[in-house]
Amino acid sequence: MVDERLPQPDAEDIELVKVMHALGDPVRMRLLGVYADGGEHSCAPEAVGLGHLHKSTVSHHMRVLREAGITTTRVAGRNRYVRLRRDELDARFPGLLDALLKSLP
């Protein structure tokens, strides 16, 4: 079985407007806080503290984050694992993630 990544923008193509738009939603900001630990996270709603939301809603939020270039998603068989693109985002927009994470409750 070969792991693969879902489509995402290259680091140099990540746009600040798209990042800020993606993070303009409270659920996606909450996901940012979860992903900030640097680990890889299952896409299961319960695994990211969103068990109260429907699976398709959580998938939508994860897709928006990935398409904006904030996260990367690794596919392993039927499973998907999400990780924050911290190094790439810090290089592209220095200080942005730190400021956003400090704003979280």
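**Exercise 1. In which strand is the place of threonine 72?** Work out its setting and its partners.

*Solution.* Keep in mind that this is a predicted model.

Step 1: find the element. Threonine 72 sits in strand β3.

Step 2: check how covered it is. Its relative accessibility is 9%, so threonine 72 counts as buried, the cut-off for buried being under 20%.

Step 3: look for a polar partner. The side chains of threonine 72 and glutamine 8 are joined by a polar contact of 2.7 Å.

Step 4: list the other company. If you skip neighbours within four places in sequence, threonine 72 is in contact with Arg5, Gln8, Tyr81, Val82, Arg83 and Arg85. Glutamine 8 thus turns up in this list as well as in the polar contact.

**Exercise 2. Describe how helices α2 and α3 pack.**

*Solution.* Two numbers do the job here: packed helices are described by the angle between their axes and the distance between those axes.

Step 1: get the two numbers. Helix α2 covers residues 26–35 and helix α3 covers residues 55–68; they pack at an angle of about 70°, and their axes are 10 Å apart.

Step 2: put a word to the angle. Roughly perpendicular runs from 65 to 115 degrees, so α2 is roughly perpendicular to α3.

Step 3: sort the contact by class. Between α2 and α3 you'll find six nonpolar, two polar and one charged residues.

Step 4: name the residues. From α2 come Val27, Arg28, Leu31 and Tyr35, and they meet His60, His61, Met62, Val64 and Leu65 of α3.

**Exercise 3. Take α2 by itself: how does it start, and what covers it?**

*Solution.* Step 1: look at the start. There, a side-chain oxygen of aspartate 25 comes to within 2.8 Å of the backbone nitrogen of valine 27.

Step 2: pick out the buried residues. For α2 these are Val27, Arg28, Met29, Leu31, Leu32 and Tyr35.

Step 3: ask what lies over them. The cover includes α1, β2, α3, β3, β4 and α5, the last of these being residues 96–102.

Step 4: zoom in on valine 27, which is part of helix α2. Not counting residues up to four places away in sequence, valine 27 touches Leu50, Leu53 and His61. Alanine 11 is another story: valine 27 and alanine 11 are 16 residues apart in sequence, yet 24 Å apart in space, C-alpha to C-alpha.

**Exercise 4. Now do α3: check its length, its buried residues and its end.**

*Solution.* Step 1: compare the span with expectation. With 14 residues, α3 reaches 20 Å from first C-alpha to last, close to the 20 Å expected at 1.5 Å a residue.

Step 2: find the buried residues. In α3 they are Val58, His61, Met62, Val64, Leu65, Arg66 and Ala68.

Step 3: see what they pack against. The partners are α1 (16–22), α2, β2, β3 (71–76) and β4 (79–84).

Step 4: step off the end. Glycine 69 follows α3, and its phi is positive, near 95°.

**Exercise 5. Compare histidine 41 with glycine 39.**

*Solution.* Step 1: place both. Histidine 41 belongs to strand β2, residues 41–42, while glycine 39 is in the loop between α2 and β2.

Step 2: classify them. Histidine 41 has 12% relative accessibility and therefore counts as buried; glycine 39, at 24%, counts as partly exposed.

Step 3: gather the partners. The side chain of histidine 41 reaches the backbone oxygen of valine 34 at 3.4 Å. Leaving out neighbours within four places in sequence, histidine 41 is in contact with Val34, Tyr35, Val48, Arg80, Tyr81 and Val82. Glycine 39, with residues up to four places away not counted, touches Val82 and Arg83.

Step 4: add a distance. Glycine 39 and tyrosine 81 are 42 residues apart along the chain, with their C-alpha atoms separated by 9.6 Å.

**Exercise 6. Are aspartate 87 and glutamate 88 exposed or partly exposed?**

*Solution.* Step 1: place them. Aspartate 87 is in helix α4, and glutamate 88 lies in that helix too, residues 86–92.

Step 2: classify them. Aspartate 87 has a relative accessible area of 66%, so it is exposed. Glutamate 88, at 33% relative accessibility, counts as partly exposed.

Step 3: look along the chain. The C-alpha atoms of glutamate 88 and glutamate 12 are separated by 8.6 Å, with these positions 76 residues apart along the chain. For aspartate 87 and serine 42, 45 residues apart along the chain, the C-alpha separation is 20 Å.

Definitions and conventions. Residues numbered from 1 in each chain as written. Predicted model: local features only at pLDDT ≥ 70, side-chain atom pairs only at ≥ 80, totals over all residues. Heavy atoms only, no water. Axes fitted to C-alpha atoms, helices over the stretch in contact; angles between N-to-C directions. Helix = DSSP H or I, 4+ residues; strand = E, 2+ residues; numbered from the N terminus. Parallel < 35°, antiparallel > 145°, perpendicular 65-115°, else oblique. Contact = heavy atoms within 4.5 Å. Nonpolar A, V, L, I, M, F, W, Y, C, P; charged D, E, K, R; others polar. Buried < 20%, exposed > 50% of the residue type's maximum accessible area, 1.4 Å probe, protein only. Polar contact = N/O pair within 3.5 Å; in protein donor to acceptor, adjacent residues only side chain to side chain. Expected span 1.5 Å × (residues − 1).
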